[in-house]
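I opened the file to look at one sheet and at some charged pairs. My notes follow in the order of looking.

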Amino acid sequence: MSDVRDELFYKQKHVHDLLDEAGLAQSETYCARYMDFLQKAKTERLANAEAVRLAKAYGFHEFDRNAPLRAGDKIYRSVRGKMLLLAVIGKKSLAEGANICAAHIDSPRLDLKQVPLYEQNEIAYFKTHYYGGIRKYQWVTIPLELHGVVVKKTGESVSVNIGADPADPVFYVSDLLPHLAAKQSEQPLAKAIPGEKLNIILGSLPVRGDTGSDRVKLGVMKLLNDKYGITEEDFLSAEIEAVPAFPVREAGLDRSLIAGYGHDDRVCAFAELQALYETEAPEKTAVCVLADKEEIGSVGVTGMESRAFECFMGDICAKQGVEPDHCFEKSFCVSADVAMAFDPTWPEVSEIRNTAKLNYGVGIAKFTGRGGKSGSNDASAEVMGKLRGIFADANVTWQYAELGKVDEGGGGTVALYMGNRNIDTVDAGVPVLSMHAPYEIVAKHDCYMTYKAMKAVYASK
Ligand code: MN
Ligand code: MN
(Lines give C-alpha, C1' and ligand atoms only; values in the text may rest on other atoms or scores of the structure.)
(Ligands and ions follow the chains in the order given, each with its own letter.)
Protein backbone atom coordinates (compact mmCIF):
# COMPACT_ATOMS: atom_id res chain seq x y z
CA MET A 1 0.00 0.00 0.00
CA SER A 2 3.02 2.29 0.32
CA ASP A 3 2.74 3.24 -3.37
CA VAL A 4 -0.77 4.50 -2.79
CA ARG A 5 0.38 6.53 0.19
CA ASP A 6 3.23 8.03 -1.83
CA GLU A 7 0.72 9.03 -4.45
CA LEU A 8 -1.99 10.38 -2.18
CA PHE A 9 -0.29 11.83 0.89
CA TYR A 10 1.56 15.14 1.21
CA LYS A 11 5.00 14.40 2.56
CA GLN A 12 7.80 16.82 3.34
CA LYS A 13 11.16 15.80 1.92
CA HIS A 14 14.59 16.27 3.48
CA VAL A 15 16.80 18.23 1.07
CA HIS A 16 19.88 16.23 2.07
CA ASP A 17 18.24 13.05 0.75
CA LEU A 18 17.23 14.69 -2.50
CA LEU A 19 20.39 16.46 -3.66
CA ASP A 20 22.90 14.54 -5.76
CA GLU A 21 26.65 15.07 -5.33
CA ALA A 22 26.64 18.04 -7.68
CA GLY A 23 23.70 19.56 -5.83
CA LEU A 24 25.45 19.16 -2.49
CA ALA A 25 28.52 20.92 -3.90
CA GLN A 26 26.38 23.74 -5.32
CA SER A 27 24.68 24.18 -1.98
CA GLU A 28 28.10 24.59 -0.30
CA THR A 29 29.35 27.03 -2.93
CA TYR A 30 26.22 29.14 -2.69
CA CYS A 31 26.32 29.21 1.12
CA ALA A 32 29.98 30.26 1.18
CA ARG A 33 28.98 33.27 -0.92
CA TYR A 34 26.07 34.03 1.35
CA MET A 35 28.26 33.86 4.46
CA ASP A 36 30.67 36.31 2.89
CA PHE A 37 27.79 38.67 2.07
CA LEU A 38 26.27 38.46 5.55
CA GLN A 39 29.61 39.21 7.19
CA LYS A 40 29.74 42.48 5.25
CA ALA A 41 26.03 43.34 5.42
CA LYS A 42 25.51 44.11 9.10
CA THR A 43 23.20 47.08 8.52
CA GLU A 44 20.77 48.05 5.77
CA ARG A 45 23.27 50.61 4.44
CA LEU A 46 26.09 48.05 4.37
CA ALA A 47 23.81 45.43 2.78
CA ASN A 48 22.81 47.96 0.14
CA ALA A 49 26.43 48.89 -0.59
CA GLU A 50 27.60 45.28 -0.85
CA ALA A 51 24.65 44.36 -3.08
CA VAL A 52 25.48 47.27 -5.40
CA ARG A 53 29.16 46.35 -5.48
CA LEU A 54 28.30 42.78 -6.50
CA ALA A 55 25.63 43.96 -8.96
CA LYS A 56 28.20 46.08 -10.81
CA ALA A 57 30.49 43.04 -11.04
CA TYR A 58 27.59 41.17 -12.68
CA GLY A 59 27.07 43.92 -15.26
CA PHE A 60 24.32 45.97 -13.63
CA HIS A 61 24.39 49.74 -14.03
CA GLU A 62 22.61 52.54 -12.25
CA PHE A 63 19.27 53.23 -13.91
CA ASP A 64 19.23 56.43 -15.98
CA ARG A 65 15.73 57.79 -16.45
CA ASN A 66 16.81 59.48 -19.67
CA ALA A 67 18.62 56.58 -21.32
CA PRO A 68 16.97 53.93 -23.51
CA LEU A 69 16.05 50.61 -21.90
CA ARG A 70 16.21 47.32 -23.78
CA ALA A 71 15.46 43.67 -23.11
CA GLY A 72 18.32 42.10 -21.20
CA ASP A 73 19.42 45.38 -19.57
CA LYS A 74 20.47 44.99 -15.94
CA ILE A 75 19.72 48.04 -13.84
CA TYR A 76 19.52 49.15 -10.23
CA ARG A 77 18.41 52.15 -8.21
CA SER A 78 19.55 52.74 -4.66
CA VAL A 79 16.95 54.68 -2.68
CA ARG A 80 18.78 56.92 -0.20
CA GLY A 81 21.41 54.23 0.32
CA LYS A 82 19.02 52.08 2.35
CA MET A 83 16.58 50.50 -0.07
CA LEU A 84 17.62 48.83 -3.31
CA LEU A 85 15.63 48.10 -6.46
CA LEU A 86 17.16 46.01 -9.24
CA ALA A 87 15.74 44.69 -12.49
CA VAL A 88 16.65 42.62 -15.51
CA ILE A 89 14.45 43.78 -18.37
CA GLY A 90 12.42 40.99 -19.97
CA LYS A 91 11.64 40.16 -23.59
CA LYS A 92 7.92 40.65 -23.01
CA SER A 93 6.35 44.05 -22.41
CA LEU A 94 5.84 45.18 -18.82
CA ALA A 95 2.16 45.30 -19.80
CA GLU A 96 2.29 41.53 -19.26
CA GLY A 97 3.54 42.01 -15.71
CA ALA A 98 6.83 41.57 -13.89
CA ASN A 99 8.16 38.80 -11.66
CA ILE A 100 9.05 40.46 -8.38
CA CYS A 101 10.91 39.14 -5.33
CA ALA A 102 10.82 41.40 -2.28
CA ALA A 103 12.92 40.99 0.86
CA HIS A 104 14.14 43.37 3.56
CA ILE A 105 17.66 44.28 4.59
CA ASP A 106 17.04 45.94 7.96
CA SER A 107 17.38 43.79 11.11
CA PRO A 108 16.62 44.29 14.80
CA ARG A 109 19.38 46.12 16.66
CA LEU A 110 20.19 48.95 19.08
CA ASP A 111 20.15 52.45 17.56
CA LEU A 112 21.95 55.32 19.27
CA LYS A 113 19.66 58.05 20.54
CA GLN A 114 20.14 61.55 19.11
CA VAL A 115 21.70 62.90 22.33
CA PRO A 116 23.46 59.65 23.20
CA LEU A 117 26.68 60.51 24.99
CA TYR A 118 26.90 60.82 28.78
CA GLU A 119 29.11 60.01 31.72
CA GLN A 120 27.90 58.28 34.86
CA ASN A 121 30.23 57.54 37.78
CA GLU A 122 33.28 57.87 35.55
CA ILE A 123 32.10 55.54 32.80
CA ALA A 124 31.09 56.99 29.41
CA TYR A 125 28.02 55.58 27.69
CA PHE A 126 25.79 55.83 24.63
CA LYS A 127 22.03 55.81 25.25
CA THR A 128 20.17 53.56 22.80
CA HIS A 129 16.65 53.03 21.54
CA TYR A 130 16.15 49.53 20.25
CA TYR A 131 14.90 49.01 16.68
CA GLY A 132 12.47 46.21 15.85
CA GLY A 133 11.31 43.27 17.91
CA ILE A 134 14.20 42.34 20.16
CA ARG A 135 14.16 40.30 23.34
CA LYS A 136 16.09 42.81 25.41
CA TYR A 137 17.68 40.28 27.74
CA GLN A 138 19.57 38.81 24.75
CA TRP A 139 21.43 42.06 24.02
CA VAL A 140 23.36 42.43 27.26
CA THR A 141 26.89 41.07 27.81
CA ILE A 142 27.60 40.40 24.14
CA PRO A 143 30.20 42.12 21.94
CA LEU A 144 28.74 44.91 19.83
CA GLU A 145 30.08 46.90 16.91
CA LEU A 146 28.98 50.31 15.65
CA HIS A 147 28.07 51.22 12.08
CA GLY A 148 26.39 54.20 10.53
CA VAL A 149 26.71 57.72 9.28
CA VAL A 150 27.01 61.16 10.81
CA VAL A 151 25.79 63.99 8.60
CA LYS A 152 27.25 67.35 9.55
CA LYS A 153 25.30 70.57 9.13
CA THR A 154 27.51 71.33 6.11
CA GLY A 155 26.00 68.22 4.47
CA GLU A 156 29.25 66.28 4.71
CA SER A 157 28.59 62.64 5.57
CA VAL A 158 31.03 60.65 7.71
CA SER A 159 30.89 56.84 7.85
CA VAL A 160 31.30 55.29 11.26
CA ASN A 161 32.62 51.74 11.54
CA ILE A 162 34.13 50.50 14.81
CA GLY A 163 34.34 46.92 15.99
CA ALA A 164 34.17 44.88 12.80
CA ASP A 165 37.94 44.80 12.37
CA PRO A 166 39.46 42.29 14.87
CA ALA A 167 41.99 45.01 15.76
CA ASP A 168 39.14 47.32 16.84
CA PRO A 169 37.65 47.48 20.32
CA VAL A 170 34.08 46.21 20.79
CA PHE A 171 31.21 47.67 22.81
CA TYR A 172 29.14 46.22 25.60
CA VAL A 173 25.94 46.50 27.62
CA SER A 174 26.28 45.29 31.21
CA ASP A 175 23.91 43.15 33.27
CA LEU A 176 23.64 42.34 36.96
CA LEU A 177 25.82 39.67 38.51
CA PRO A 178 23.79 36.60 39.60
CA HIS A 179 24.85 37.19 43.20
CA LEU A 180 22.73 40.36 43.29
CA ALA A 181 20.09 39.54 40.69
CA ALA A 182 17.54 37.85 42.93
CA LYS A 183 14.95 40.63 42.46
CA GLN A 184 15.66 40.99 38.75
CA SER A 185 15.33 37.22 38.29
CA GLU A 186 11.79 37.35 39.64
CA GLN A 187 10.77 39.74 36.84
CA PRO A 188 9.19 38.43 33.65
CA LEU A 189 11.79 38.17 30.86
CA ALA A 190 10.22 41.09 29.02
CA LYS A 191 10.70 43.36 32.04
CA ALA A 192 14.00 42.13 33.49
CA ILE A 193 16.04 44.35 31.16
CA PRO A 194 14.30 47.73 30.72
CA GLY A 195 15.01 49.52 27.43
CA GLU A 196 16.57 52.49 29.25
CA LYS A 197 19.20 50.16 30.71
CA LEU A 198 20.50 49.17 27.27
CA ASN A 199 23.36 51.64 27.62
CA ILE A 200 26.56 50.99 25.70
CA ILE A 201 29.88 51.31 27.51
CA LEU A 202 32.26 53.58 25.60
CA GLY A 203 35.19 54.18 27.91
CA SER A 204 36.48 54.57 31.43
CA LEU A 205 39.56 56.78 31.30
CA PRO A 206 39.43 60.44 32.36
CA VAL A 207 41.44 63.07 30.50
CA ARG A 208 44.68 63.34 32.47
CA GLY A 209 45.45 66.68 34.04
CA ASP A 210 41.94 68.01 33.35
CA THR A 211 40.13 69.31 36.42
CA GLY A 212 36.69 69.99 34.89
CA SER A 213 33.54 67.88 34.85
CA ASP A 214 32.78 64.81 32.72
CA ARG A 215 36.43 63.98 32.15
CA VAL A 216 35.67 60.48 30.75
CA LYS A 217 32.99 61.80 28.40
CA LEU A 218 35.48 64.43 27.26
CA GLY A 219 38.09 61.76 26.60
CA VAL A 220 35.65 59.76 24.48
CA MET A 221 34.46 62.85 22.59
CA LYS A 222 38.09 63.76 21.86
CA LEU A 223 38.71 60.29 20.41
CA LEU A 224 35.60 60.59 18.24
CA ASN A 225 36.62 64.08 17.17
CA ASP A 226 40.12 62.89 16.25
CA LYS A 227 38.81 59.92 14.26
CA TYR A 228 35.73 61.43 12.62
CA GLY A 229 35.97 65.20 13.08
CA ILE A 230 32.61 65.28 14.86
CA THR A 231 31.28 67.13 17.90
CA GLU A 232 28.54 66.07 20.31
CA GLU A 233 25.88 68.08 18.46
CA ASP A 234 26.56 66.06 15.29
CA PHE A 235 24.86 63.01 16.83
CA LEU A 236 21.61 64.86 16.26
CA SER A 237 21.94 64.09 12.54
CA ALA A 238 23.50 60.66 12.86
CA GLU A 239 22.24 57.13 12.35
CA ILE A 240 24.54 54.84 14.27
CA GLU A 241 23.54 51.24 14.89
CA ALA A 242 24.99 48.86 17.45
CA VAL A 243 24.92 45.32 16.07
CA PRO A 244 26.36 42.05 17.39
CA ALA A 245 30.09 41.68 16.73
CA PHE A 246 29.81 37.95 16.14
CA PRO A 247 31.46 36.51 13.02
CA VAL A 248 29.34 34.50 10.60
CA ARG A 249 30.27 30.88 11.25
CA GLU A 250 29.36 27.37 10.23
CA ALA A 251 27.50 25.70 13.08
CA GLY A 252 27.16 22.06 14.10
CA LEU A 253 29.70 19.24 13.88
CA ASP A 254 28.42 18.42 10.41
CA ARG A 255 28.69 22.11 9.43
CA SER A 256 25.14 21.97 8.08
CA LEU A 257 24.03 25.24 9.70
CA ILE A 258 25.05 28.89 9.53
CA ALA A 259 25.16 31.06 12.63
CA GLY A 260 25.05 34.80 12.08
CA TYR A 261 23.43 38.10 12.93
CA GLY A 262 20.69 39.35 10.60
CA HIS A 263 19.68 36.22 8.67
CA ASP A 264 16.26 37.91 8.98
CA ASP A 265 16.11 38.91 6.25
CA ARG A 266 19.46 39.14 4.53
CA VAL A 267 19.31 35.38 3.91
CA CYS A 268 16.35 35.91 1.57
CA ALA A 269 17.76 39.21 0.27
CA PHE A 270 20.92 37.43 -0.86
CA ALA A 271 18.94 34.55 -2.41
CA GLU A 272 17.05 37.15 -4.48
CA LEU A 273 20.24 38.97 -5.39
CA GLN A 274 22.30 35.98 -6.45
CA ALA A 275 19.37 34.65 -8.47
CA LEU A 276 18.91 38.00 -10.20
CA TYR A 277 22.64 38.48 -10.82
CA GLU A 278 22.56 35.21 -12.81
CA THR A 279 19.34 36.03 -14.70
CA GLU A 280 19.94 36.78 -18.38
CA ALA A 281 17.19 38.12 -20.65
CA PRO A 282 14.17 36.60 -18.90
CA GLU A 283 10.75 36.36 -20.55
CA LYS A 284 9.19 38.82 -18.10
CA THR A 285 11.06 41.62 -16.40
CA ALA A 286 12.58 40.34 -13.15
CA VAL A 287 12.57 42.80 -10.25
CA CYS A 288 14.39 42.44 -6.93
CA VAL A 289 13.30 44.67 -4.06
CA LEU A 290 15.42 45.03 -0.94
CA ALA A 291 13.40 47.16 1.45
CA ASP A 292 14.37 48.93 4.63
CA LYS A 293 12.18 49.49 7.73
CA GLU A 294 10.32 46.15 7.60
CA GLU A 295 11.11 45.52 11.24
CA ILE A 296 9.27 48.68 12.30
CA GLY A 297 6.28 48.39 9.97
CA SER A 298 7.58 48.99 6.40
CA VAL A 299 7.06 52.72 6.87
CA GLY A 300 8.98 55.77 5.70
CA VAL A 301 10.69 56.68 2.43
CA THR A 302 12.80 53.52 2.31
CA GLY A 303 10.14 51.06 3.55
CA MET A 304 7.95 48.85 1.35
CA GLU A 305 5.02 51.27 1.70
CA SER A 306 7.11 54.02 0.13
CA ARG A 307 6.22 55.23 -3.34
CA ALA A 308 9.91 54.78 -4.17
CA PHE A 309 8.76 51.43 -5.57
CA GLU A 310 6.08 53.07 -7.76
CA CYS A 311 8.64 55.64 -8.85
CA PHE A 312 11.08 52.95 -10.03
CA MET A 313 8.43 50.76 -11.66
CA GLY A 314 6.84 53.88 -13.19
CA ASP A 315 10.16 54.88 -14.70
CA ILE A 316 10.80 51.52 -16.34
CA CYS A 317 7.15 51.17 -17.43
CA ALA A 318 7.32 54.64 -19.02
CA LYS A 319 10.15 53.39 -21.25
CA GLN A 320 7.65 50.96 -22.75
CA GLY A 321 4.62 53.26 -22.64
CA VAL A 322 2.94 51.06 -20.03
CA GLU A 323 0.80 52.27 -17.11
CA PRO A 324 2.43 50.99 -13.87
CA ASP A 325 -1.00 49.91 -12.55
CA HIS A 326 -1.50 47.78 -15.65
CA CYS A 327 1.89 46.16 -15.03
CA PHE A 328 1.05 45.57 -11.35
CA GLU A 329 -2.24 43.82 -12.00
CA LYS A 330 -0.45 41.23 -14.14
CA SER A 331 2.63 40.92 -11.92
CA PHE A 332 3.58 38.16 -9.51
CA CYS A 333 5.46 38.76 -6.28
CA VAL A 334 7.17 36.52 -3.79
CA SER A 335 7.62 38.26 -0.47
CA ALA A 336 10.83 36.52 0.53
CA ASP A 337 11.09 36.71 4.29
CA VAL A 338 12.28 34.22 6.85
CA ALA A 339 9.95 31.66 8.36
CA MET A 340 10.07 30.19 11.85
CA ALA A 341 11.93 26.88 11.97
CA PHE A 342 10.44 24.25 14.27
CA ASP A 343 12.51 24.14 17.45
CA PRO A 344 12.45 20.67 19.09
CA THR A 345 13.48 22.31 22.38
CA TRP A 346 10.43 24.61 22.25
CA PRO A 347 7.82 22.50 20.44
CA GLU A 348 4.90 23.90 22.41
CA VAL A 349 4.55 27.07 20.31
CA SER A 350 4.24 25.20 16.99
CA GLU A 351 1.63 23.10 15.28
CA ILE A 352 3.91 20.54 13.70
CA ARG A 353 1.88 19.71 10.58
CA ASN A 354 2.05 23.29 9.40
CA THR A 355 5.51 24.27 10.64
CA ALA A 356 8.74 24.52 8.64
CA LYS A 357 11.69 22.39 9.70
CA LEU A 358 15.39 22.91 9.12
CA ASN A 359 16.62 21.27 5.90
CA TYR A 360 13.20 20.74 4.34
CA GLY A 361 13.56 23.55 1.83
CA VAL A 362 12.04 26.97 1.24
CA GLY A 363 9.03 27.62 3.47
CA ILE A 364 5.84 28.85 1.81
CA ALA A 365 3.33 30.81 3.89
CA LYS A 366 -0.16 31.50 2.56
CA PHE A 367 -0.69 33.98 5.38
CA THR A 368 1.13 35.56 8.30
CA GLY A 369 -0.41 38.00 10.80
CA ARG A 370 -1.87 37.21 14.19
CA GLY A 371 -5.18 36.45 15.86
CA GLY A 372 -7.26 35.27 12.90
CA LYS A 373 -4.73 36.18 10.17
CA SER A 374 -5.08 39.86 11.06
CA GLY A 375 -2.57 42.04 9.22
CA SER A 376 -1.83 39.36 6.66
CA ASN A 377 -1.69 39.22 2.88
CA ASP A 378 -3.41 35.79 2.81
CA ALA A 379 -2.49 34.69 -0.72
CA SER A 380 -5.28 33.25 -2.86
CA ALA A 381 -5.52 29.59 -3.81
CA GLU A 382 -4.72 30.66 -7.37
CA VAL A 383 -1.48 32.34 -6.29
CA MET A 384 -0.50 29.35 -4.13
CA GLY A 385 -1.20 27.06 -7.06
CA LYS A 386 0.93 29.15 -9.37
CA LEU A 387 3.84 29.08 -6.92
CA ARG A 388 3.58 25.31 -6.54
CA GLY A 389 3.70 24.97 -10.28
CA ILE A 390 6.78 27.19 -10.58
CA PHE A 391 8.60 25.25 -7.87
CA ALA A 392 7.60 21.88 -9.30
CA ASP A 393 8.90 22.80 -12.76
CA ALA A 394 12.22 23.98 -11.33
CA ASN A 395 12.67 21.08 -8.88
CA VAL A 396 12.58 23.38 -5.86
CA THR A 397 12.03 21.59 -2.54
CA TRP A 398 9.49 23.50 -0.47
CA GLN A 399 7.55 23.00 2.73
CA TYR A 400 4.70 24.75 4.44
CA ALA A 401 5.61 27.39 7.03
CA GLU A 402 3.12 28.73 9.56
CA LEU A 403 4.40 31.15 12.22
CA GLY A 404 3.35 29.34 15.37
CA LYS A 405 0.15 27.87 16.73
CA VAL A 406 -3.15 29.69 16.29
CA ASP A 407 -3.32 32.54 18.82
CA GLU A 408 0.23 31.86 20.06
CA GLY A 409 1.53 35.14 18.60
CA GLY A 410 2.38 36.15 15.07
CA GLY A 411 4.24 38.45 12.75
CA GLY A 412 4.16 40.16 9.39
CA THR A 413 6.16 40.73 6.23
CA VAL A 414 6.12 43.15 3.29
CA ALA A 415 3.58 40.91 1.49
CA LEU A 416 0.46 42.93 2.31
CA TYR A 417 2.01 46.13 0.95
CA MET A 418 2.59 44.42 -2.39
CA GLY A 419 -0.92 42.98 -2.26
CA ASN A 420 -2.30 46.47 -1.62
CA ARG A 421 -0.73 47.50 -4.93
CA ASN A 422 -2.88 44.97 -6.79
CA ILE A 423 0.07 42.60 -7.19
CA ASP A 424 -0.55 38.88 -6.59
CA THR A 425 1.78 38.08 -3.70
CA VAL A 426 2.78 35.10 -1.58
CA ASP A 427 5.30 34.66 1.23
CA ALA A 428 8.21 32.23 0.92
CA GLY A 429 11.57 32.14 2.66
CA VAL A 430 14.23 30.44 4.74
CA PRO A 431 13.27 28.88 8.12
CA VAL A 432 15.26 30.39 11.02
CA LEU A 433 15.95 29.25 14.58
CA SER A 434 16.03 31.97 17.27
CA MET A 435 14.66 34.65 14.94
CA HIS A 436 15.59 38.23 15.98
CA ALA A 437 18.26 36.98 18.41
CA PRO A 438 21.74 38.53 18.13
CA TYR A 439 22.93 35.23 16.65
CA GLU A 440 20.43 33.30 14.51
CA ILE A 441 20.66 29.88 12.85
CA VAL A 442 19.66 28.74 9.37
CA ALA A 443 20.31 25.49 7.49
CA LYS A 444 22.53 25.68 4.42
CA HIS A 445 20.23 23.51 2.32
CA ASP A 446 17.29 25.83 2.97
CA CYS A 447 19.38 28.83 1.90
CA TYR A 448 20.29 27.03 -1.31
CA MET A 449 16.70 25.99 -2.02
CA THR A 450 15.50 29.55 -1.48
CA TYR A 451 18.05 30.78 -4.03
CA LYS A 452 16.76 28.14 -6.48
CA ALA A 453 13.21 29.24 -5.67
CA MET A 454 13.98 32.90 -6.48
CA LYS A 455 15.65 31.87 -9.73
CA ALA A 456 12.55 29.94 -10.70
CA VAL A 457 10.28 32.89 -9.94
CA TYR A 458 12.36 35.28 -12.04
CA ALA A 459 12.37 32.77 -14.91
CA SER A 460 8.63 32.04 -14.80
CA LYS A 461 6.50 32.94 -17.78
MN1 MN B 1 11.79 39.45 8.28
MN1 MN C 1 11.94 40.15 11.47
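**Notebook: sheet and salt bridges**

I began with one strand pair in this predicted model. Strand E12 (residues 257–260) and strand E22 (residues 440–443) run antiparallel to each other and share four bridges. I checked one position along the pair: Leu 257 faces Ala 443 in E22.

Next I looked up what packs on these strands. Helix H13 (residues 444–459) packs on the sheet and touches E11, E12, strand E21 (431–433) and E22. The direction of H13 makes about 65° with that of E22. Helix H3 (residues 21–40) lies across E11 and E12. I noted its angle to E12 as about 5°.

Then I traced the whole sheet. It is open, has five strands and mixed pairing, and its order is E11-E12-E22-E21-E15. Which strands stand at the edges? I found E11 (249–251) and E15 (339–340) there. Each has a single partner strand, so one side of each lacks a neighbour in the sheet.

**Charged pairs**

I searched the whole structure for salt bridges and got 28. I followed up a few.

Glu 280 and Lys 74 meet through their side chains, at 3.0 Å from N to O. Glu 280 sits in the loop between helix H8 (263–277) and strand E13 (285–291), while Lys 74 is in strand E2 (residues 74–79). The two are 206 residues apart in sequence, so the pair ties together distant stretches of the sequence. I then asked of each partner: buried or exposed? Glu 280 is exposed, with a relative accessible area of 58%. Lys 74 is buried, at 8%.

My next pair was Lys 82 with Asp 292, a salt bridge whose closest N and O atoms are 4.0 Å apart. This pair also links distant parts of the chain, 210 residues apart. Lys 82 is in the loop between E2 and strand E3 (83–88). Asp 292 is in the loop between E13 and helix H9 (308–318). Lys 82 counts as buried because its relative accessibility is 7%, under the 20% cut-off. Asp 292 is buried too, with a relative accessible area of 0%.

I also looked for links beyond this pair. A network of salt bridges joins Arg 45, Lys 82, Glu 239, Asp 292 and Lys 293.

Last, I went back to the edge strand E11 (249–251). Arg 255 forms a salt bridge with Glu 250, and their closest N and O atoms are 2.6 Å apart. I logged Glu 250 as partly exposed, at 32% relative accessibility.

Notes
Residues numbered from 1 in each chain as written. Chains lettered and ligands numbered in written order. Predicted model: local features only at pLDDT ≥ 70, side-chain atom pairs only at ≥ 80, totals over all residues. Heavy atoms only, no water. Pairing = 2+ DSSP bridges. Contact = heavy atoms within 4.5 Å. Axes fitted to C-alpha atoms, helices over the stretch in contact; angles between N-to-C directions. Buried < 20%, exposed > 50% of the residue type's maximum accessible area, 1.4 Å probe, protein only.
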